[in-house]
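Dear colleague,

I am passing on the structure we spoke about, together with some notes on what turned up when I went through it. Please open it alongside this message, as the notes are easier to follow with the model in view.

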Amino acid sequence: MKQITIPLYLQVVFGIMLGAMTGLFLPDLAVKLKLLGDIFIALIRMLIGPVIFCTVVLGMLQGGSDIRGIGRIGARAILYFEVVSTLALILGLMVMHYLQPGHGFDVDLQSLKPHAVDEYVTTAGHRTLTDFIMHIVPGTFLDAFTADGNLLQILLLAVLFGVALLQIGESGKPVHLFLESASRVFYTMLAILMKLAPLGAGGAMAFTLGKYGADALAPLMALMGSFYLTCVLFVGLVLGAIAAWVGFSIIQLIRYLSTELLTVLGTSSSESALAPLMEKLENLGCSRRVVGIVVPAGYSFNLDGTNIYLTMATMFIAQALNIDLTLGQEMEILAVAMLTSKGAAGFTGSGFITLAATLSSVPGIPVEGMVLIIGIDRFMSEARSLTNFMGNAVATIVIAHWENALDRHCMYQCLRQKFQKH
């Protein structure tokens with residue numbers, strides 16, 4: 001008798017639904033299930049460094065001695081990131097201007113409790129652009145692979161390592177073969193850990209609803225609805241148009257990445273699916289070199305969902321406090337958000353920390369206004385993470401297309417599969 005196997009993405013859906021019901025009906029138990037989500041994210045993070053390092057180095061070796069090609073990929077990626085990120089910021093402003101969910105709140109600034117955001121403001125002070133740049137270089141080679149390591153530190157080390165291997169030529173062949181074997185081992189470990197995704201996603205979702213409850217959403221549902229709508233518009237219209245230009249369907253890509261998207265949804269962390277995304281994009285037909293450079297860089301420079309959140313949250317606070325912003329101030333918000341969003345990590349809550357850094361740099365809007373959205377930030381984190389994730393998936397395919405490093409036959413074959421095999 002043939003054994004029936006349930007696809008992983010359906011297991012994740014079941015886990016999320018079970019977690020949501022636990023959060024609504026057994027909130028005390030649900031709060032304790034946060035541990036499951038934390039453990040799952042920690043296990044995935046454990047492999048991110050080695051996976052990125054091996055992918056980047058092997059991708060460089062795959063391209064031979066074409067060092068200029070690596071620089072060209074990086075330059076094109078940064079150009080793409082800046083253009084699309086700007087579109088995300090502008091879209092957020094436009095939606096807030098049209099819907100104006102903050103008007104009518106008439107919040108008195110004196111009634112806000114500034115100490116409620118002190119922790120976030122303090123943390124944000126350590127995530128400024130200057131601090132981000134100063135920490136690109138790790139203290140030691142192994143520091144980049146620690147829990148506090150920056151993705152760009154790993155990328156820097158991998159590029160240097162790859163350049164060195166290219167320069168020493170044939171004598172570096174044993175190291176090349178070792179990295180090939182190590183890469184297969186790490187990806188196999190990743191496949192094993194991804195089987196825990198239903199538990200991780202379900203536990204995280206249970207905690208969210210158990211901690212905050214569905215009723216806590218009602219007062220600020222207008223902002224949440226506006227934000228989710230904007231993210232859907234961005235993915236459907238902006239990323240959809242880019243996908244159509246390259247020659248694929250954004251809907252098919254979403255279906256292809258369904259398991260990873262559900263994992264991100266459950267954990268509210270795009271970082272939880274970073275390594276699986278890299279593997280999926282390689283299988284889709286993107287060259288290993290493009291994947292290895294664009295995806296890690298995108299997790300620091302291409303955060304479309306976070307950009308939308310920054311402009312919308314800032315505008316909401318101004319509207320709620322009856323602060324009329326001039327066109328010049330709004331342009332200043334755009335400029336500041338473009339800087340503060342760089343280096344925001346893919347972990348849960350990073351968008352709120354980045355918002356603190358943004359408000360600290362924009363005169364006229366008090367940081368204390370952040371207390372208005374503390375209660376619903378966790379619920380907007382899902383949309384932020386999902387949009388960031390899709391933005392980086394599309395960006396990688398676009399750069400691979402520009403580099404003539406995209407196997408279109410493989411891409412079409414993968415995207416046309418109705419169900420993913422696990």
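Please keep in mind throughout that this is a predicted model. The chain holds 19 helices and 0 strands, and of its 422 residues 55% are buried. Among contacts between residues at least 6 apart in sequence, 86% join residues that are at least 24 apart. The accessible surface comes to about 18600 Å², and carbon and sulfur atoms account for 66% of that area.

On the interior, the largest nonpolar core has 126 residues, and those with the most contacts inside it are Tyr80, Leu253 and Ile397. Helix α3 (residues 34–62) gives this core its largest share, namely 13 residues. If you centre the view on Ile397 and leave aside residues up to four places away in sequence, you will find that Ile397 touches Val246, Phe248, Leu253, Leu281, Leu284, Cys286, Leu406 and Met411.

Tyr80 deserves a separate look for its aromatic partners, since the structure holds 7 aromatic pairs. In one of them, Tyr80 and Phe81 meet edge-to-face, with 6.4 Å from centre to centre and 70 degrees between the planes. Tyr80 counts as buried because its relative accessibility is 6%, below the 20% cut-off, and Phe81, at 0%, counts as buried as well. Tyr80 also pairs with Trp402: the ring centres are 6.5 Å apart and the planes stand at 80 degrees, so this pair is edge-to-face. That pair links distant parts of the chain, because Tyr80 lies in helix α4 (residues 67–99) and Trp402 in helix α18 (residues 374–402), 322 residues apart. Is Trp402 buried or partly exposed? At 30% relative accessibility, Trp402 counts as partly exposed. Taken together, ring pairs link Tyr80, Phe81, Trp245 and Trp402 into a cluster.

Trp245 brings us to helix α10, which runs over residues 221–246. This helix has 26 residues and reaches 36 Å from its first C-alpha to its last, which is close to the 38 Å expected at 1.5 Å a residue. Along the way α10 bends by about 35 degrees at Gly240, and just after the helix Gly247 takes a positive phi of about 115 degrees.

With best wishes

Key
Residues numbered from 1 in each chain as written. Predicted model: local features only at pLDDT ≥ 70, side-chain atom pairs only at ≥ 80, totals over all residues. Heavy atoms only, no water. Helix = DSSP H or I, 4+ residues; strand = E, 2+ residues; numbered from the N terminus. Buried < 20%, exposed > 50% of the residue type's maximum accessible area, 1.4 Å probe, protein only. Contact = heavy atoms within 4.5 Å. Areas by Shrake-Rupley, 256 points an atom, 1.4 Å probe, with all protein chains shown as cover. Expected span 1.5 Å × (residues − 1). Bend = angle between axes of the 7 residues up to and from the residue. Core = buried A, V, L, I, M, F, W, Y, C linked by side-chain atoms within 4.5 Å. Phe/Tyr/Trp six-rings, centres within 6.5 Å; stacked < 30°, edge-to-face > 60°.
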